[in-house]
Amino acid sequence: MKLIIAVIQDKDSNRLSNALVDHNFRATKLATTGGFLKSGNTTFMIGTDDIRVDKALEIIKENCQSREQLVAPVSPMGGNADSYVPYPVEVEVGGATVFVLPVEHFRQF
Ligand code: 2BA
């Protein structure tokens with residue numbers, strides 16, 4: 001068994017949820033925050049049999065698109081001056097950042 005952890009953009013999360021349910025995958029959605037942009041994103045935890053990992057990855061790829069995102073300068077007032085970016089920066093936020101981990105034990109009680 002494997003645990004797939006996929007960090008995706010909020011905009012794609014409903015579409016991905018629906019696609020996973022349609023294909024009989026079980027998933028947990030977490031509201032998360034990107035360390036760089038400090039804005040919301042969504043992390044899916046998907047536990048699945050090894051033979052279904054490729055199908056899950058295909059569904060993630062099909063339902064999550066990368067987008068350009070402009071990072072506006074944020075005043076350091078009241079914040080940390082070390083992280084201050086004085087000009088807008090455009091970054092390409094990926095469709096999905098995916099980790100596939102082995103699961104040692106899986107139990108449901
Ligand atoms: P964020 O950390 O908010 O990063 C958003 C986007 O900003 C990244 O998109 C990347 O294009 C850019 N970026 C991140 N760190 C940067 C840096 N030090 N310098 C310049 N640009 C930087 P993605 O790479 O597609 O990542 C999207 C989200 O996936 C990230 O949001 C983070 O929440 C997660 N993520 C990405 N790589 C990760 C990793 N190795 N471990 C854990 N989470 C990761």
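Here a colleague new to this predicted model puts questions to its modeller.

Colleague: Glad to be looking at this with you! In what order do the elements of the protein run from the N terminus on?

Modeller: Happy to help, and please keep in mind that this is a predicted model. The protein has two helices and six strands. Read from the N terminus on, their order is β-α-β-β-α-β-β-β.

Colleague: What share of the residues in the protein is buried?

Modeller: A residue counts as buried when its relative accessible area is under 20%. The accessible surface of the whole protein is about 7700 Å², with 54% of that belonging to carbon and sulfur atoms. Of the 109 residues in the protein, the buried share is 27%.

Colleague: Now to the ligand. Which strand gives the largest share of the shell around the ligand?

Modeller: The residues around the ligand include V7, G34, L37, V91, E92, V93 and F99. Strand 5 (89-93) and strand 6 (96-102) each supply at least two residues of this shell. The largest share, three residues, comes from strand 5.

Colleague: How many residues of each class are in the shell around the ligand?

Modeller: Among the residues of the shell are F36, N41 and E92. For this count, Phe is nonpolar, Glu is charged, and Gly is placed with the polar residues. By class, the shell comes to six nonpolar, five polar and one charged.

Colleague: What percentage of the ligand's exposed area does the protein bury?

Modeller: Let's start with the polar atoms around the ligand. Backbone N or O atoms of F36 and of E92 each lie 2.8 Å from an oxygen atom of the ligand, and a polar side-chain atom of N41 lies 2.9 Å from a ligand oxygen atom. Taken alone, the ligand exposes 750 Å², and the part of this that the protein buries is 51%.

Colleague: One residue caught my eye, D12. Is D12 buried or exposed?

Modeller: D12 sits in the loop between strand 1 (2-8) and helix 1 (13-22). The cut-off for a buried residue is under 20% relative accessible area. Because its relative accessibility is 1%, D12 counts as buried.

Colleague: And which residue has its backbone nitrogen 3.2 Å from a polar atom of the side chain of D12?

Modeller: Leaving out residues up to four places away in sequence, D12 touches N63, C64, Q65 and R67. The backbone nitrogen that lies 3.2 Å from a polar side-chain atom of D12 belongs to Q65.

Key. Residues numbered from 1 in each chain as written. Predicted model: local features only at pLDDT ≥ 70, side-chain atom pairs only at ≥ 80, totals over all residues. Heavy atoms only, no water. Near = heavy atom within 4 Å. Polar contact = N/O pair within 3.5 Å; in protein donor to acceptor, adjacent residues only side chain to side chain. Areas by Shrake-Rupley, 256 points an atom, 1.4 Å probe, with all protein chains shown as cover. Helix = DSSP H or I, 4+ residues; strand = E, 2+ residues; numbered from the N terminus. Buried < 20%, exposed > 50% of the residue type's maximum accessible area, 1.4 Å probe, protein only. Contact = heavy atoms within 4.5 Å.
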